Amino acid sequence: MASSDFWPLCALLSLAVVQGKQHALPLPVPEIVRVYPDRNDTRDFGVWKMNVEWSDNFLNGNKPEPVTYDVEIFHTEQMRLVHKETLKDPMGTHQWSWTSPLPLQCTSHSVRLRTRHQSHTSDWTPLYTLTGKDIDNSSESNIYPKDYVARVGEGIVFCCILKTESHAGFSPPPFTIQISNRTYITGPVRHDDVSDTEGFDVLCNQTGVTYFIGYAPDDQNLTCETRDLNSVECHWIPGKTGKSHMFNVQYKVNGRMCSVDRCVLDDSVDKGVMNWTLIAKNNLGEKMISDVADPKHRVRLKAPTITSPVLVHARNATLEWQWGKMSKLNSFPMICQVEVNGHTVQETFNGSGLKSLVLTDLQPFTGYSARVRCGSYEHFYKWGDWSNLNTFSTKEDIPEAVDMWMQILNGHTYVVWKNLTANQSHGIITGYELLLGSATDEPKEHISKATNEHCHKVSAKRAEGDYFMSISAKNSVGISPPSKITIHNLQSDGGIIPDHISGLNDSFSISWDPSPNSSCGYVVDWFPTYSTEQCAVKWMKIPSGVSNATIYSDFENGVKYTLSVYACTSGAPQLLQRREGYVKELAPVGKVQNLTAEQHGKDIKLSWKDMHEEEKKGFILGYIVSYKHSSEDQKYVFIPMASIRDPTVRTHTLSNLRPGNYIFKVKALTSAGEGPESDVSRYVDQQVYTMVFSILIALGTLACIIAIIVLFCSKREWLQSKLYSDTPKPVFSGEWLTQGFHHCYVMDKILLSESEVLMVKNPEPCLQVVPQVQKAQQEVDLKSKDPPWTRYYNDVCDPQTVSPLAIDLSYTEVSSPGIQNPTYNIPLSLPDDANLVLGYMPQIQNGDNQLQPCDVKFVQMDSAGYQPQSQGSSQTTEIPNETSLPLSTASVSSSEYLLHQCL
């Protein structure tokens, strides 16, 4: 047992000793056998790939595991490390390739290797150098790469190798980086789009190269199908590459050369499912795509060939075609489709080996173009190609009914009709037949019209009665069904006043209330309102149940149109609505007419007439009035204008104008703007007759006022009697007059103070004795409110001995600043034998009773009248030594009178 375990242990120990000895030995230095560039660069345009081959120098059986190799690459001249990498053991031929970022011709590259096992490494091999072009003696500079083809977005590094004697101090852009004594390189150059066919240029020291930018092949959607049941045709969508021939792509399908986008393979379609592979390749790379299918399930037929139609009628035609050399299609189940005048007919046609079809519902005397295409009926995949286009024309047929209407213009009735369209005429129209009459009128009137006539004037007699007119169109085949209209007197429109209507977007939109009398719809007609052209009306027929319409026509801006809506009845049309308006208003182009200016004192009245309707170009909203004034010391000055917003007003008055020259202007206004101005000049003067007339009016007014005053004064006493009640006159009793009565005199204290001489009507005194009733005297005494000094008179004169004396003193009113008093006719009772001596003698009233002088002294007075007391006189009245009595006054009116005083 012990001996059996000993021997395996010894074997393991021996193996460990051997491996330890191997690890303790240094790793052998590999040997570089060869360093060389790719051999593809036959034209010296540039090479980037460097290949390195070496041997490891391990003895047989002594190679440890695992082994790797460290590799380093330098730019030889500057010994600048440009790449290092650790390579796995290639387990066979020791070979490695490295792609440089710049062409290897730019400078010399040196490479070295060493062996690595875990943390142990061998020594480096000696440098092995691949020489570049920068060590050659050259009389010209050189640039690499040349004619380079790069992908869009790829960075390209260019190098410039200078000739031997010109490298000192060289650093022009873009070669800014020096990697050797004579070599300068650029940074990576990139482009985001393909280059033109000429490519891009790079220049250095009077030499240059061209490079191109593009894409590698990127074709998509390889599809293979059969077109004739004899071969397979493959097609694909080519990808974008570039504009230069440097990016041309070569295509192969299953190893067969193909064109750019399709390839035909003469393979049988009866093999069932087949596989097709496309390889696309250019200078930047290649693309491979595949497709798998059964060709019989991918049938896309070629185009058939249509021959001339065999049978063509007015409303149908038969098409025929041939499949040519595609004999297998004569029994192939297919479905076909037809296109007529660019529109695909929804109906399809099917059958085995289909070669013809019939087109229906065609229009007579109409040109058509048609083509067909077909596909597999059992396994429909796609429609085949369209056939050739075949044209033909159908034959003529009788025309359709004519669209007719009527118009009233300037008191005349016209029947109008429209041209038949090509689809309505069904041939060439040779004329029109008109029939005019009534149900009771025989015979009817037949009228023929040429093809260029579309209007007929109805006689006045026919227009007044219940007549009808029918019209039919003729061509070579026959005559159309008649169109009929009842002629009614459109002069009476039921008192319908046209309303305004405004257009929108070069059209009119109109609506109306449905009419219960409408049996065949409605008719909307329109025409230029002020056009004198006969039969210029246009119309549109509206079906029943519709009560609105939008009218598009050759409307002109600024032209007024009249639109009418009629109900179509079994008899004459019935007018429902009438409108007038503009599709688009413009500013007026005409001026107001007959502008005049009339002067009325300081006012100017402007008046004008409306402009011509054709010149309005829109609804007149009003007028703008302005004027300019010029006096002798200033030029014309513009005065702010006045706006009239009532279009019916055609007068305007400007008030209180100063004299001078004026220019008055008036222009019309629409919603679109103002029209041109119409002007008139006028000199405003100060009219003399106006001043005279004003003075005469003032004088007449003054005369009337004076006459009224005179009349008032002449009727003063009468007015006084009417306006004021009678005031009782003062009565002096007999006792007052008989007691110590010596003198009676009248004095005016106020006039004496002012030394005024008062003139009276008559200087002759007049005394009249008026008998008084005793009872009346007592009533006066009781009712008297005179002050106490008036009663003093009664004490002095004794009423028992002196008869009552009535004195009428008629004084003239004078202007005095004294007390305002009325004139009194003072009655004074005296005895029959009494004599009154007065210092003042008033007017004397002649009567039967003559006054007898009192026992008094007379005061002598001259004919001059009243002598005031303040003046000295030789003739004075002797007054007893009794105390002088105060004056007695009474006021009734605003007049001043002398007061009587008895002493």
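A residue counts as buried when its relative accessible area is under 20%, exposed when that value is over 50%, and partly exposed in between.

**Figure 1. The whole protein, in a predicted model.**
Let's start with the full view before zooming in. Of the 903 residues of this protein, 42% come out as buried. The secondary structure adds up to nine helices and 53 strands. Take the contacts between residues at least 6 apart in sequence: 66% of them join residues at least 24 apart. About 50000 Å² of the protein is exposed, and carbon and sulfur atoms supply 51% of that area.

**Figure 2. An open sheet of three strands.**
Strands of a sheet pair through backbone hydrogen bonds, either parallel or antiparallel. Here the order is 16-17-20, and the pairing is antiparallel. Strand 16 (220-225) and strand 20 (262-265) are the edge strands, each with a single partner, so one side of each has no neighbour in the sheet. On average, neighbouring strands of this sheet are turned by 15 degrees against each other, direction ignored. Zoom in on strand 17 (residues 232-237) and you'll find four bridges linking it to strand 20 in the antiparallel sense. Which residue of strand 20 is the bridge partner of Val232? Look for Leu265.

**Figure 3. A disulfide between strands 16 and 17.**
Stay with that sheet and look for the sulfur atoms. Cys224 and Cys234 are joined by a disulfide, with an S to S distance of 1.9 Å. Cys224 belongs to strand 16 and Cys234 to strand 17, 10 residues apart. The link is right-handed, with 110 degrees about the S-S bond. Are these two cysteines buried or exposed? Cys224 counts as buried because its relative accessibility is 1%, and Cys234 is buried too, at 0%.

**Figure 4. The disulfide of Cys106 and Cys159.**
A disulfide is a covalent bond between the sulfur atoms of two cysteines. The whole structure has seven disulfides, and one of them joins Cys106 to Cys159, S to S 1.8 Å. Cys106 sits in the loop between strand 5 (94-99) and strand 6 (109-117), while Cys159 is in strand 11 (residues 159-161), so the bond ties together parts that are 53 residues apart in sequence. The angle about the S-S bond is -80 degrees, making this link left-handed. Cys106 is buried, with a relative accessible area of 0%, and Cys159 is buried with a value of 0%.

**Figure 5. The disulfide of Cys455 and Cys535.**
In this pair, the sulfur atoms are 1.6 Å apart. Cys455 is part of strand 34 (residues 455-458), and Cys535 lies in the loop between strand 39 and strand 40 (538-542), so this pair ties together parts 80 residues apart in sequence. Keep Cys455 in mind for the next view, where it turns up among the contacts of Trp417.

**Figure 6. Trp417 and the largest nonpolar core.**
In soluble globular proteins, nonpolar side chains tend to be buried together. The largest nonpolar core of this model has 28 residues, and Trp417 and Tyr432 are the ones with the most contacts inside it. Several strands supply at least two residues each, among them strand 31 (412-417), strand 32 (431-437) and strand 35 (467-474). What does Trp417 contact, apart from its neighbours within four places in sequence? Its contacts include Tyr432, Leu434, Ile471 and Trp539, as well as Asp403, Lys449 and Glu453. A second, separate core has 26 residues, including Leu229, Leu359, Tyr368 and Phe392.

**Figure 7. Tyr552, an exposed residue in strand 41.**
Tyr552 is found in strand 41 (residues 548-552). Its relative accessible area is 60%, so it counts as exposed. Not counting residues up to four places away in sequence, Tyr552 touches Asn505, Asp506 and Ser507. Between Tyr552 and Ser507 there are 4.9 Å in space, C-alpha to C-alpha, although they are 45 residues apart in sequence.

**Figure 8. Ser515, a buried loop residue.**
Finally, find the loop between strand 38 (507-511) and strand 39 (522-528), where Ser515 lies. Buried or exposed? Ser515 counts as buried because its relative accessibility is 12%. Leaving aside its neighbours within four places in sequence, Ser515 is in contact with Tyr522, Ala567, Gln574 and Leu576.

Terms used: Residues numbered from 1 in each chain as written. Predicted model: local features only at pLDDT ≥ 70, side-chain atom pairs only at ≥ 80, totals over all residues. Heavy atoms only, no water. Pairing = 2+ DSSP bridges. Axes fitted to C-alpha atoms, helices over the stretch in contact; angles between N-to-C directions. Buried < 20%, exposed > 50% of the residue type's maximum accessible area, 1.4 Å probe, protein only. Contact = heavy atoms within 4.5 Å. Disulfide = S-S within 2.5 Å. Core = buried A, V, L, I, M, F, W, Y, C linked by side-chain atoms within 4.5 Å. Areas by Shrake-Rupley, 256 points an atom, 1.4 Å probe, with all protein chains shown as cover.
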